[in-house]
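Biologist: I should like to examine the ligand site of this model and the reasons behind the terms used for it. Could we begin with the structure itself?

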Amino acid sequence: MEPARELLHSAAIKTADGTYGLTLHREDLSTLYPGMLRFVLEVTGEGRNPALFITNTYEYSPLLPGSAESAARKTMETWEQDLKRDADELFREYAKKPSTRKSGSAADLVILQGSPRPDGNCAILASWAVDAAHAAGKTAAVIYPHDLDIHPCIGCYQCYNTGTCVFEDDMKSVIAAIRGASLVIVCSPVYTNTVPAGLKLVIDRMQAYHAERALFGTRAGRHGLMYSVAGRKGAENFTCITRVLIAFFHTLGVTPAGEVLIDSADVVHDIRTIAGKEEEVKEQVRRLL
Ligand SMILES: Cc1cc2nc3c(=O)[nH]c(=O)nc-3n(C[C@H](O)[C@H](O)[C@H](O)COP(=O)(O)O)c2cc1C
């Protein structure tokens, strides 16, 4: 849904090489986060790609001086002067190709295999799901967050300006995979009651995908499955991890559609010895692909 947009300022700037239109809009993104506002400064004209400056209220943490609106208005005043002085320079620095919805990579099923152990019980769960996808004639990709170069999210909120993260690292390919998938499975061991660090990096950095979906639209009808293994005995070992993963599915815009939670793994050692688990996983994947 398009955010409510209010025009705060509009001007026609006459320069030596023509006339440019300058606008400042305020957009209400409070359906995403309480009170979130975006200020969009745009200069168009003379057949050029628009020059854009976008900032939002969540970028300004408590100890930062100023506000999104004051930054946008200050930039607007500077741009009015810069346009008259040297429009070429302003467009060289700020002209943006219009953003569009990005394409996804090919796999129907994407599995985030959160265990750092490539040969543990989560890897077994992932392999059962891959086998079921292939048997159904579908493609599958397994992503191992611990093998990737992923910077932690720094909470800058700039992704809500552009739909893209400020960091250029392996998260790009993870997001492309999620974008293209119709079924997402997260396999995670319980580490200190929650997900391991590598998987948490992916979960937090997926904020940029949440922003992308909010700004450019989203694909409906996708599902998520959560698979988890705990060393200790008891369902309470999954209390935190299931909450984290449901929140993650919400970020991805996929509907939670099932779970397989296996406790006592420290005693069981190899989940292939538990009757019915492989068939349970495969049946879920068959049903949703
Ligand atoms: C750092 C670390 C923390 C763990 N914390 C928990 C925990 O809080 N609760 C639990 O039940 N098991 C815990 N475990 C045990 C793992 O959940 C268990 O060994 C799991 O089967 C590992 O999955 P994998 O074989 O896919 O690697 C922990 C293991 C490690 C290495």
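**The ligand and its pocket**

Modeller: In this predicted model, α2 and α8 each supply at least two residues of the lining of the second largest pocket. The largest contribution to that lining is from α2, with three residues.

Biologist: What makes the space taken by the ligand a pocket rather than a cavity?

Modeller: The space taken by the ligand is the second largest pocket. A pocket is an open set of points, whereas in a cavity the probe cannot get out; the ligand's space is therefore classed as open. The volume of this pocket is about 450 Å³.

Biologist: Which residues line the second largest pocket, and of what classes are they?

Modeller: The lining has 22 residues, and Arg117, Asn121, Val229, Ala265 and Asp266 lie nearest the centre of the pocket. By class, eight are nonpolar, eight polar and six charged.

Biologist: Why is the approach of Cys122 to the ligand called a polar contact?

Modeller: A polar backbone atom of Cys122 is 2.8 Å from an oxygen atom of the ligand. The cut-off for a pair of N or O atoms is 3.5 Å, so this pair qualifies. A backbone N or O atom of Asn193 also qualifies, because its distance to a ligand oxygen is 2.9 Å. For Val229 the corresponding distance is 3.4 Å, which is within 3.5 Å, and so this pair counts too. Of the 650 Å² that the ligand exposes when taken alone, the protein buries 77%.

Biologist: Which residues of the shell come nearest the ligand?

Modeller: Of the 17 residues around the ligand, the nearest are Ser115, Arg117, Cys122, Val190 and Thr192. The shell comprises seven nonpolar, seven polar and three charged residues.

Conventions:
Residues numbered from 1 in each chain as written. Predicted model: local features only at pLDDT ≥ 70, side-chain atom pairs only at ≥ 80, totals over all residues. Heavy atoms only, no water. Near = heavy atom within 4 Å. Polar contact = N/O pair within 3.5 Å; in protein donor to acceptor, adjacent residues only side chain to side chain. Areas by Shrake-Rupley, 256 points an atom, 1.4 Å probe, with all protein chains shown as cover. 1 Å grid on protein atoms, 1.4 Å probe; cavity = no way out; pocket = protein on both sides within 12 Å on 5 of 7 lines; lining within 4 Å. Sits in = over half its atoms within 2 Å of the grid points. Nonpolar A, V, L, I, M, F, W, Y, C, P; charged D, E, K, R; others polar. Points joined across faces, edges and corners; volume = space filled by probe spheres on them. Helix = DSSP H or I, 4+ residues; strand = E, 2+ residues; numbered from the N terminus.
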